[in-house]
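Trainee: I would like to practise reading voids and helix packing with you.
Mentor: Gladly! Let us put the model on screen and start.

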Amino acid sequence: MAKRLIVVCAWIGGVQLAVASVAFFRSRGTAIHGVLGMGIGLFVVWIILGGLLMRRYRDQIRRAVRNLRVNWQLKFILLATALAMLEEVVTVGMTNTAPLYRLTMTQAHITASANYWDVVLTNSVVLFVPMFCIWSWILSRYDLSPEAVFLLWGLTGTLMETIAGGPQHWLELGMWMFVYGLMIYLPAYSIPSGRVVKKPQWWQYPLFIAVVLLGIIPGGALATLIRHIRVTHLFPA
C-alpha cells in the first residue's frame with residue numbers, strides 16, 4: 001500500500017513539475033520566474049537525480065551503514081541529518097542562482113537565507129534533528145516499512161511548510177513528499193532486521209506524525225538560542 005501511495009505522489013509531483021515549467025516560461029521578467037526556476041532546479045537535482053541515485057545504490061548504502069559498529073538508532077539520526085543537510089546544499093545553491101535570472105536574492109529565494117549555515121542552524125535542520133530522534137524511538141518499538149516512514153515524514157514536512165507558509169503549500173504535496181521523504185528513506189531502509197517490534201494499528205499513524213511534530217519545540221528553542229549567539233542574515237519575511 002505504501003509503495004502505491006509513493007507512486008501516486010510521484011505522478012502528482014510530475015504534474016506539478018509540468019505546470020511549474022509552463023508557468024516558468026510564461027513569467028519571464030518577474031520575480032516568480034526566478035522562484036519557479038529555483039524550485040524546478042530543486043526538483044530535478046534533489047528529487048529526480050538524488051532519488052534515482054538513492055534507489056540505485058540503496059543496497060550498497062545499507063550494507064555500509066549496517067557494517068558500522070555503532071548503535072543503529074544513532075546511525076539513523078546521523079544519516080537522516082546528513083541527508084537533510086545535503087538537501088539544503090541544493091536549496092541554498094538554488095537561492096544563490098538568483099543573479100542568473102537578473103534578480104537579487106531578496107527578490108527571489110527559496111530558503112530563509114543565502115547563507116548555508118544560517119539556514120541549517122536557525123531555520124531547517126536544527127528543527128529536524130529532534131524529530132529524527134523521535135523517529136528513532138518510534139522505530140525501536142514499531143515495525144514500519146521504509147516506504148511508510150517516507151510517507152509519514154513527507155506528510156510531516158508538508159504540514160510544516162503549510163504552517164510556515166500558508167495552506168497553498170498543500171498544492172505542492174507531490175514535491176514536498178519527496179523533498180522530505182528522501183531525507184529519511186535510506187536511514188529507514190538501513191535499519192537492521194531482527195528487532196523485537198510490533199505492528200502499529202491504523203490509528204497510530206497520525207499519532208506518529210503528531211508525536212514527531214513535538215520535536216519542533218526543542219528544535220525551535222535551540223534555533224532561537226543560536227540566533228542570539230550567532231549573527232544571522234535572513235531575508236525579510
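Trainee: Which helix gives the most to the lining of the largest pocket?
Mentor: Keep in mind that this is a predicted model, where local features need pLDDT of at least 70 and side-chain atom pairs count only at pLDDT 80 or more, while totals for chains, interfaces and linings use all residues. Residues are numbered from 1 along each chain as its sequence is written, and side-chain values use heavy atoms, leaving out hydrogens and water. Helices here are DSSP runs of H or I with at least four residues, and strands are E runs of at least two, numbered from the N terminus. With 7 residues in the lining, the top contributor is H2.

Trainee: What is the volume of the largest pocket?
Mentor: On a 1 Å grid over the protein atoms alone, a pocket is an open set of points with protein on both sides within 12 Å along at least five of seven lines, a cavity is a set where a 1.4 Å probe fits but cannot get out, and lining residues have an atom within 4 Å of a point. Grid points are joined across faces, edges and corners, and a volume is the space filled by probe spheres set on the points. For the largest pocket this gives about 1500 Å³.

Trainee: Which of its lining residues are closest to the centre of the largest pocket?
Mentor: The lining has 45 residues. Ranked by closeness to the centre, the leaders are Ile110, Glu161, His169, Glu172 and Trp176.

Trainee: How many residues of each class does the lining of the largest pocket have?
Mentor: Ala, Val, Leu, Ile, Met, Phe, Trp, Tyr, Cys and Pro count as nonpolar, Asp, Glu, Lys and Arg as charged, and the others, Gly among them, as polar. On that scheme, the lining comes to 29 nonpolar, 11 polar and 5 charged.

Trainee: Which residues are closest to the centre of the second largest pocket?
Mentor: The second largest pocket has a volume of about 580 Å³. Of its 20 lining residues, the closest to the centre are Ile6, Gly51, Arg55, Phe178 and Leu182.

Trainee: Which helix supplies the largest share of the lining of the second largest pocket?
Mentor: H1, H2, H6 and H7 each supply at least two residues there. By class, this lining has 13 nonpolar, 3 polar and 4 charged residues. The largest share, 8 residues, comes from H2.

Trainee: Which helix gives the most to the lining of the largest cavity?
Mentor: The structure holds 1 cavity of 30 Å³ or more, and the largest cavity has a volume of about 60 Å³. Its lining is Val65, Trp72, Lys75, Phe76, Leu79, Pro187, Ser190, Ile191 and Pro192. Giving 4 of the lining residues, the main contributor is H3.

Trainee: Is H3 roughly antiparallel or roughly parallel to H7?
Mentor: Axes are lines fitted to C-alpha atoms, for helices over the stretch in contact, with angles from 0 to 180 degrees between N-to-C directions. H3 and H7 pack at an angle of about 150°, their axes 8 Å apart. Angles under 35 degrees count as roughly parallel, over 145 as roughly antiparallel, 65 to 115 as roughly perpendicular and the rest as oblique, so H3 and H7 are roughly antiparallel.

Trainee: Which residues of H7 does H3 meet?
Mentor: Contact means heavy atoms within 4.5 Å. From H3, the participants are Phe76, Leu79, Ala80, Leu83, Ala84 and Glu87. Their partners in H7 are Val179, Leu182, Met183, Ile184, Leu186, Pro187 and Ala188.

Trainee: Is the crossing of H3 and H5 left-handed or right-handed?
Mentor: H3 (residues 72-95) and H5 pack at about 150°, with axes 9 Å apart. A crossing is left-handed if the near helix is turned anticlockwise from the far one by less than a right angle, and right-handed if clockwise. For H3 and H5, the crossing is right-handed.

Trainee: Which residues of H8 meet H5?
Mentor: The axes of H5 (residues 125-139) and H8 (residues 204-213) come within 8 Å and cross at roughly 140°, which makes H5 oblique to H8. On the H5 side, Met131, Ile134, Trp135 and Ile138 take part. Facing them in H8 are Phe208, Val211, Val212 and Leu213.

Trainee: How do the residues of that contact of H5 with H8 divide by class?
Mentor: The classes are those we used for the pocket linings. Here the split is 8 nonpolar, no polar and no charged.
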